[in-house]
Every structure is written in structure tokens, then in C-alpha cells.
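Subject: Handover of a structure and the findings so far

Dear colleague,

Please find below the structure that I am handing over to you. I would ask you to keep it open while you read the notes that follow.

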Amino acid sequence: KLSKRLQTIADYVPAGSRLADIGSDHALLPVYLAEQGRVSFAVAGEINDGPLEAARRQVKESGLGAVVHPRQGDGLAVIDPDEVDVVTVAGMGGTLIAAILEQGQSKLGSVKRLVLQPNVAEDQVRRWLAAHDWLLDDETVLEEDGKFYFILCAVRRDDAHEENVKLYRPRRIGGGPLLETEELLRFGPIAAERGEEAFFRKWESELEKLDHIMEGMVRAGTDAALSRLEELAAERNRIKEVL
Ligand code: SAM
């Protein structure tokens, strides 16, 4: 059984896809999708020896070696152009995910959908997508073992829902304050619109983290700490306003 996080990612992969799961580790996601008959072909890409070995073992045990192909390499280097139509990248920082997409652009020609799960810095992923004509088509926040994860699903601009084309234009959500583009990139424009419970909990937990950091700075009492404090307080107010 997959974790809630991987299950949610799996649910975003359309039936009949040819998939590349980059940074696949134990290849749990592609093996699960192959078991369900939901992918006709999958590459489990891994850069590191240990996880690659784990992926090979998992594929062997599942008997799905005809469908799931572990390959070693950096990011999208493991696939040929035109080989897949969905790419998943999960469980890494947003900066690394954005770098993988940036370096692998020549491999994205046949790709219709990206499903991305940054552990942190999800705004970096939204930024990369927006700058490269990928539109966020769906996003969700989920909580598992006390951690919050954004799952972002992007499609080509031409395949996007019409309302998502205006996703990052400054706008008010519900009765809240006007959110500028920067803030929409950061908070999550679709999740904010939906007002999912996990979305509010995620940002409340960020508030708690900020409080903790601010307390530390007050205690430290150095000039540097105190000047940072102002910045953090502004950030805190903004999150509070949006919530
Ligand atoms: N995707 C799985 C998940 O979400 O459960 C595994 C996530 S695991 C924390 C991240 C994996 O990405 C590690 O196995 C690591 O070796 C791999 N990785 C890191 N950088 C990579 C890169 N540039 N290309 C391919 N794999 C990479």
C-alpha cells in the first residue's frame, strides 16, 4: 500500500500513460501504477547507486520488468525524447525539481503532464512552470505524519482549464486581502481558492515555525537578530491576513 502522499501523486497520473518517475528511489510509484495496469511503460530514474539497486530489486520482485525500467542518470537524462507523456518528480526540494526541469527541457517535447511534489520551496516550482508556459492545472496540500506537502499538477498552456490561465493575476480570494502575483506563487493559487482544510493548517504551521524563530531571535538579542525580526514580523502579518 502506498503512503497517502504517493497515492495522491499516483491519482494524478492518467490511465494509459507512459511515465518517467525521476528520483524514484524504490520505484514504489511506477511499480504500483504498473500493478494497477495504469501505465503501459515506465522509467524509474535514479541518480544514486543505492536507490537504483532498490528500484531494480522492487521491479524484479514485482515481476513487472517488462513495464518498469530502472535507469541510472541525472534528472531527465534517463529518458529519450518522445518516450513518455507524464513525468513525476516527488520528495525533493523545489529548487532541485526546478533545476531538473530546466536541464531536461529538451526531453519534455512529448510530455503532456507534470506531477511534482516538492518537500520545500514549492514556490520555486510554480515559478519555473509559469516561466516556461506550463500552467498549474491542479494542486493540493496534504498532511502526513505531521508534515505538509503540496502536490502540483501542470499541463501545457493549450491544454489548461480556461480559469487557470489567470491564476497568478493579482486577485482577492474569498473575502480576503488582494493577493499579488508573488503571494499567489507562494501560497498556492488553486489551494487558496479551494480553501482546503490542509491548506489552512499548512500555513498555520508555518506561522508557528515563524513564532518559534522569532522567539529565538528575541532571546539572542543581537543587532542582526533584531533587525531580521522586523522582516519576520511583516511576513507573519501577511500570512495572518491571508488566513
Ligand atoms: N520519489 C520518491 C518519493 O517521493 O517517495 C523518492 C524520494 S527520495 C527522498 C529522493 C530521491 O531522488 C533519492 O533517491 C535521490 O537519490 C534521488 N535524486 C536526487 N537528485 C536526483 C537527480 N538529479 N536525478 C535523479 N534522481 C535524483
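I begin with D25, which is found in the loop between β1 and α2 (28-35). Please bear in mind that the model is predicted. The phi of D25 is positive, near 50°, although D25 is not a glycine. Most residues other than glycine have a negative phi. D25 is partly exposed, because 18 other C-beta atoms lie within 10 Å, and a residue counts as buried only if there are 20 or more.

The loop between β1 and α2 also holds A27. A27 has a positive phi as well, near 60°, and is likewise a residue other than glycine. Is A27 buried or exposed? A27 counts as buried, because there are 28 C-beta neighbours inside 10 Å.

The ligand

D25 appears again around the ligand: the shell has 17 residues, and those that come nearest are G23, D25, P51, A90 and G91. The elements that give two or more residues to this shell are β2 (39-46), β4 (86-92) and α4 (94-103). Which element gives the most? The answer is β4, with three residues. By type, the shell is made up of eight nonpolar, six polar and three charged residues.

Strands β1 and β2

Strand β1 covers residues 17-22, and five of its six residues are buried, so β1 is largely enclosed by the rest of the structure. β1 pairs with β2 in the parallel sense, over six bridges. To find this pairing in the viewer, you may look for S17, which stands opposite V39 in β2.

Helix α5

In helix α5, residues 122-131, the buried residues are E122, V125, R126, W128 and L129. They lie on the same side of α5, because they cover an arc of only 160° around the axis. The general rule behind such a pattern is that an α-helix has 3.6 residues a turn, so residues three or four places apart point the same way. What do the buried residues of α5 pack against? Their partners are α4, β5 (113-118), β6 (134-144), β7 (147-156) and α6 (181-187). After α5 comes D133, which has a positive phi near 65°.

The hairpin of β6 and β7

Strands β6 and β7 run antiparallel and are joined by 10 bridges. Within this pairing, D138 stands opposite C153 in β7. The hairpin has two residues between the strands, and D145 takes a positive phi there, near 50°. G146 is also placed in the loop between β6 and β7. G146 counts as exposed, because there are 6 C-beta neighbours inside 10 Å, and the limit for an exposed residue is 12 or fewer. From G146 to I213 there are 67 residues in sequence and 19 Å in space, taken from C-alpha to C-alpha.

The chain as a whole

Finally, how is the chain divided? There is a domain 1, residues 4-160, and a domain 2, residues 199-242. Taken over C-alpha atoms, the centres of domain 1 and domain 2 are 33 Å apart.

When you go through the structure yourself, you may wish to start with the loop of D25 and A27, then turn to the shell around the ligand, where D25 is among the nearest residues. The buried side of α5 and the hairpin of β6 and β7 can follow.

Yours sincerely,
A colleague

Conventions:
Residues are numbered from 1 along each chain as its sequence is written. This is a predicted model: local features need pLDDT of at least 70, side-chain atom pairs count only at pLDDT 80 or more; totals for chains, interfaces and linings use all residues. Domain bounds come from an automatic or database domain assignment. A residue is near a molecule or strand if its C-beta atom, placed from the backbone, lies within 6 Å of it. Helices (H or I, at least four residues) and strands (E, at least two) are DSSP runs, numbered from the N terminus. Ala, Val, Leu, Ile, Met, Phe, Trp, Tyr, Cys and Pro count as nonpolar, Asp, Glu, Lys and Arg as charged, and the others, Gly among them, as polar. The arc is that of the directions from the helix axis to the C-beta atoms. Two residues are in contact if their C-beta atoms, placed from the backbone, lie within 7 Å. Two strands pair if DSSP finds at least two bridges between them.
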